[in-house]
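User: Hi! I'd like to learn how to read a few features of this model with you. Could we begin with empty space inside the protein?

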Amino acid sequence: MKNKHTFDVVHDTQAVFRTLLDCTANPGRPGRLERAAEKLGEDGLTLALSMTLLDTQTTFYIDESSDSLREQIEFLTGSRRVPLAEADFIFLPQEVDARQVLDTVKQGTYADPHCSATLFIASKGYPDCQAAIEGPGVPPGGTSVLLTKPELEWLMARDEMQAEYPCGIELVFVREEGDVAAFPRKIRRVK
């Protein structure tokens with residue numbers, strides 16, 4: 001049997017998970033997924049994230065224009081695509097309206113805060129905006145992070161929602177050069 005890719009479903013998914021965990025524990029600090037993504041070819045970042053996080057008990061949403069990618073994700077993970085409002089993991093291009101998406105996706109409930117969405121937003125360009133953030137994993141007094149203008153707009157839109165903890169939405173920016181930067185639900189911009 002010949003493999004279509006060299007991505008190791010044990011070792012590479014562990015490396016991707018550890019990188020995501022480190023990024024979540026250290027909000028705004030980018031982690032590199034380039035090595036794992038290269039093994040999967042085109043759309044490697046999305047596939048690496050899907051193979052790490054999705055299984056038969058989770059759902060995902062991906063844009064309708066990405067039909068072949070949707071088929072690959074379903075085949076490799078056993079997960080199924082559902083409407084945006086029902087998805088656990090959401091893969092979005094940069095060009096979508098942040099407020100409209102955030103108003104639609106799951107935020108969890110007080111009884112089940114884990115029933116919320118994690119958004120993976122494709123990000124293009126180099127970070128050129130500076131923002132101060134505060135919350136768990138950030139040194140006391142806040143810290144400054146570099147973001148692209150669309151990433152900053154996503155954070156501002158999520159801040160405006162004012163979801164009360166433990167409810168909320170996780171944001172992960174997936175940058176085209178292979179970096180990911182996570183901003184858990186409790187991270188806020190310092191105004």
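Analyst: Happy to! Rolling a probe the size of a water molecule over the atoms shows where empty space is left. In this predicted model, the count comes to one cavity of 30 Å³ or more. The largest cavity holds about 40 Å³ of space.

User: Which residues line the largest cavity?

Analyst: Its lining is formed by Arg158, Met161, Ala163, Gly168, Ile169, Arg185 and Arg188. Sorted by character, the lining of the largest cavity has three nonpolar residues, one polar and three charged.

User: Thanks! Now the fold as a whole: how many helices and strands does the protein have?

Analyst: There are six helices and ten strands. To judge compactness, set the radius of gyration beside the globule rule: the value for the protein is 16 Å, close to the 16 Å that the rule gives for 191 residues, so the protein is as compact as a globular protein of that length. For its extent, look at the C-alpha trace, which spans about 55 × 30 × 30 Å along the principal axes.

User: And helix packing? At what angle do H1 and H3 pack?

Analyst: Helix H1 (residues 11-25) and helix H3 (residues 44-53) pack at an angle of about 95 degrees, and their axes lie 9 Å apart. Angles of 65 to 115 degrees count as roughly perpendicular, which makes H1 roughly perpendicular to H3. On the H1 side, the contact is made by Thr13, Val16, Phe17 and Leu20, while H3 contributes Ala48, Leu49, Met51, Thr52 and Leu53. The residues of this contact divide into seven nonpolar, two polar and no charged.

User: Last topic: how should I read the backbone for unusual spots?

Analyst: Most residues other than glycine have a negative phi, and most peptide bonds are trans. Here, a cis peptide bond joins tyrosine 165 and proline 166, with omega of about 15 degrees. Proline 166 sits in the loop between helix H6 (149-161) and strand E8 (170-175).

User: Where is aspartate 43, and what is its phi?

Analyst: Aspartate 43 lies in the loop between helix H2 (34-38) and H3. Although aspartate 43 is not a glycine, its phi is positive, at about 65 degrees.

Methods. Residues are numbered from 1 along each chain as its sequence is written. This is a predicted model: local features need pLDDT of at least 70, side-chain atom pairs count only at pLDDT 80 or more; totals for chains, interfaces and linings use all residues. Side-chain values use heavy atoms; hydrogens and water are left out. On a 1 Å grid over the protein atoms alone, a cavity is a set of points where a 1.4 Å probe fits but cannot get out, and a pocket is an open set with protein on both sides within 12 Å along at least five of seven lines; lining residues have an atom within 4 Å of a point. Grid points are joined across faces, edges and corners, and a volume is the space filled by probe spheres set on the points. Ala, Val, Leu, Ile, Met, Phe, Trp, Tyr, Cys and Pro count as nonpolar, Asp, Glu, Lys and Arg as charged, and the others, Gly among them, as polar. Axes are lines fitted to C-alpha atoms, for helices over the stretch in contact, and angles run from 0 to 180 degrees between N-to-C directions. Helices (H or I, at least four residues) and strands (E, at least two) are DSSP runs, numbered from the N terminus. Angles under 35 degrees count as roughly parallel, over 145 as roughly antiparallel, 65 to 115 as roughly perpendicular and the rest as oblique. Contact means heavy atoms within 4.5 Å. The radius of gyration is taken over C-alpha atoms; the globule rule is 2.2 Å times the number of residues to the power 0.38.
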